[in-house]
Amino acid sequence: MSPIDFDDIFTSDRDESLSVRTLDRGAWEVTRKLEPSLPREPGYVVGEPKRLKRWLSIERLMAYWMEPKHGRGQLDVNRDSFMLGLEREDARYVVALPLSGTSDDCNAYVRADNAQVVLHGRNEGSSAGQIRLVVTVSSDLQNAIDSAFQHAKSHFTIGTSSSNAYWNDGLYWCSWNAFYDKVTEDDILHALKSIADLGIQLDGAIIDDGWQDVDDQRRLRSFRPNQKFPHGLKWLVEQIKSRHPSIQHVGVWHALMGYWNGIAPDSAIARAYKTTSCPNDIWLCTEGVDQPRALLCVDDVDIHRFYDDFYRFLASQDISTTKADAQAAIDQFDKTSPHHRRLWRPYQDALEAASAKYMDSRVIYCMSHVNNAFFHSLLGPGRFNRAPVLLRNSDDFFPDRPDSHSWHIHVNVMNNLYTTRLYCVPDWDMFETGHEHGALHAAGRAISGGPVLITDGIGKTNLKLIEKLTSKHPMTGNLKVLRFQSGAWPLRPFQGFGEAQLTHIVNERAHIFTDVIFNLHETALLQHFSSTDLGLDGDYAFWQESSGDVRLDAISDNKLFSLDLKPREFDRIVAAPLRQLSHWQVATFGLLDKYAGGAAVAVIGSTEALSIELDYFGLLGLLIAGQRDVSVDISIKGRRLPKGAVKSRDLAFGVLLEIDVPGAWAVLGLDGRPPYEILVRLS
């Protein structure tokens, strides 16, 4: 495909004050100088996209969250957009990525006005700065997004991670949907017991909103817990860990400003730290409060001391994880007030410093979909060289809103196009396993590449769903969530929510592709899976969960599988590369009994034998294609598998082996933990 120029992408009616600089082949930076100005500038026309077919905008839903918007033909983007993706008629893809907080305090977004892309910005600094827009073009949308973020990162000090504090592969329980802000210490203990009674070994627990000492205007008074936790946090953590030894981390929730509506003026905190009154456009938590027009906050000169004291207190109570909510609250301050400019970075830096010092950066960033957080805190390991934090990827899981469940899956996979380029692990939010649509949410979390947090009430846990999500050690009972090492992506990123099409969400490990197909439409859909859907090079074998059928691309017609799904149903297809082994071809499908079974395979090698390195336990699927007269010898950790550990099913072109790995492990009395090797020899 021949290269194109910037003027081949947009019409030439560009605002004369904008400068365009070529960064690389297929990459440009659009800039404009801005003088300090607290109100946002009116906007500067970049141009109307040429040859536009379809578009996608990842844009601001409200102060705290973003969501996707799709369209065909003329642009209709009337909200602040974090990223704009354009599909052209010539099969090229354009990405427009506005930057914020580079070497100055300029904040930029894009919108559309009369079908034209318009760059908006505000200079929140005290000296002149620049608003920036990176534009890239490629024959592949993912490559265009990667290129845009790579050029964006050149403006920032990214750092290098030196931390191994990866804590998100265990199963976590959170109190929120089970008890909301009425939670008590007894509720916590009873809920954890009900889960443990099912033989489920949790790795962590998070006490959500409802534990803090606040006044009747929902403002923070002190660091200590309220009267619903009479024994204190340290006692509760001791009880949790003594009763449930598998739990490694106990966490708590808090808002960035301390609590929803800031600091209580007559409190110990207000007396201990310098505070400032911040004019507020929107009061965060309005139920039962007077809604004054200003929020009392810890001032920037004391915010580092506040956060260091707060997190030191939490650490002294054996709290080792936090969920830091309402992080975009400062963006609700009156934009004509200097507080908006003055507090953003000190608050973000104070949170980052305290969480790195006391929690090893085990923190969930929540309600933080704003450029000041994305570009200042989440582009890289930063000055603390921390591990990736969790980033809530969407608005909440709402169990009582029937129309929210399909939308939740759609929003999260589209938002992944943006958040997977940040230095974080996108978190699709907690969910209830016992909910009517619990399986839908479980499959979404499994393919997402993010953590799994459940929020089940007492006695409401669906054990079968937990088993589909996790790997259980056959000797110790220890649970680990099967998690892909990278974020999932939408197979059809320009497919809008209302379109009568199935939604394909894909992830990959060790060249094994897992495609979870959802019906997010309100009517039943019958469609087919094609061998070309995933765009794979080479020879692949395909396995479908609903039917158990196996197909070979080379000997099948284009329509490999039927997908007949009712609303909010889903299916799973795994594509595994065929490898030559002696006279046969073999393919490893991963663990068939797990939603994220493809994530279990770390390494596959073949010379005289097939070597499969696995990170989890489950039912391993192995295809042997070719003549059926084959002798199979399988060993695990150097020990031959016991009789009954392998079941075989004859196919027209070979045989499918189902290997009961945990059963074999238990019979052989093996010790240790993954990773482990399975060796397959054919003759």
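This tour moves from the whole chain to selected strands, helices and a single residue.

**Whole chain**

The model is predicted: local features require pLDDT of at least 70, side-chain atom pairs count only at pLDDT 80 or more, and totals for chains, interfaces and linings use all residues. Residues are numbered from 1 along each chain as its sequence is written, and side-chain values use heavy atoms, with hydrogens and water left out.

Begin with the full protein chain, which holds 12 helices and 42 strands; helices (H or I, at least four residues) and strands (E, at least two) are DSSP runs, numbered from the N terminus. Along the principal axes, the C-alpha atoms fill a box of roughly 80 × 70 × 45 Å. The radius of gyration is 26 Å, which agrees with the value near 26 Å for a compact globule of 683 residues; this radius is taken over C-alpha atoms, and the globule rule is 2.2 Å times the number of residues to the power 0.38. Of the 683 residues, 62% are buried, where buried means under 20% relative accessible area, exposed over 50%, and partly exposed in between (1.4 Å probe, protein chains only).

**Strand 6 and its partners**

Select residues 81-88, strand 6. Because 8 of its 8 residues are buried, strand 6 is largely enclosed by the rest of the structure. Strand 4 (residues 52-60) pairs with strand 6 in the antiparallel sense over 7 bridges; two strands pair if DSSP finds at least two bridges between them. Leu 52 stands opposite Arg 88 of strand 6.

Next add strand 7 (residues 93-99), which is antiparallel to strand 6 and joined to it by 4 bridges. Leu 84 has Ala 96 of strand 7 as its bridge partner. The two strands form a hairpin with 4 residues between them, and in the turn Ala 91 has a positive phi of about 65°.

**Ala 205 and helix 4**

Move to Ala 205, in strand 12. Its relative accessibility is 2%, so Ala 205 counts as buried. Show its contacts (heavy atoms within 4.5 Å): leaving aside neighbours within four places in sequence, they are Tyr 172, Trp 173, Leu 192, Ile 247, His 249, Val 250 and Gly 251. For a sense of distance, the C-alpha atom of Gln 74, 131 residues away along the chain, lies 47 Å from that of Ala 205.

Strand 12 (204-207) is also among the elements covering the buried residues of helix 4, as are helix 3 (185-196) and strand 15 (249-255). Select helix 4 itself (residues 232-243): its end C-alpha atoms are 17 Å apart, in agreement with the 16 Å expected for 12 residues at 1.5 Å a residue. That expected span is 1.5 Å times one less than the number of residues. Its buried residues are Gly 232, Leu 233, Leu 236, Val 237 and Ile 240.

**An open sheet and helix 12**

Finally, display the open sheet of 5 strands, ordered 33-34-37-41-40 with antiparallel pairing. Strand 33 (579-581) and strand 40 (646-651) stand at the edges with a single partner strand each, so one side of each lacks a neighbour in the sheet. The twist averages 30° from one strand to the next. Within the sheet, strand 34 (residues 584-591) and strand 37 (residues 619-625) pair over 6 bridges, with Leu 620 of strand 37 as the bridge partner of Leu 591. Helix 12 (residues 661-668) packs on the sheet, touching strand 37 and strand 41 (654-660), and its direction makes about 50° with that of strand 41; axes are lines fitted to C-alpha atoms, for helices over the stretch in contact, and angles run from 0 to 180 degrees between N-to-C directions.
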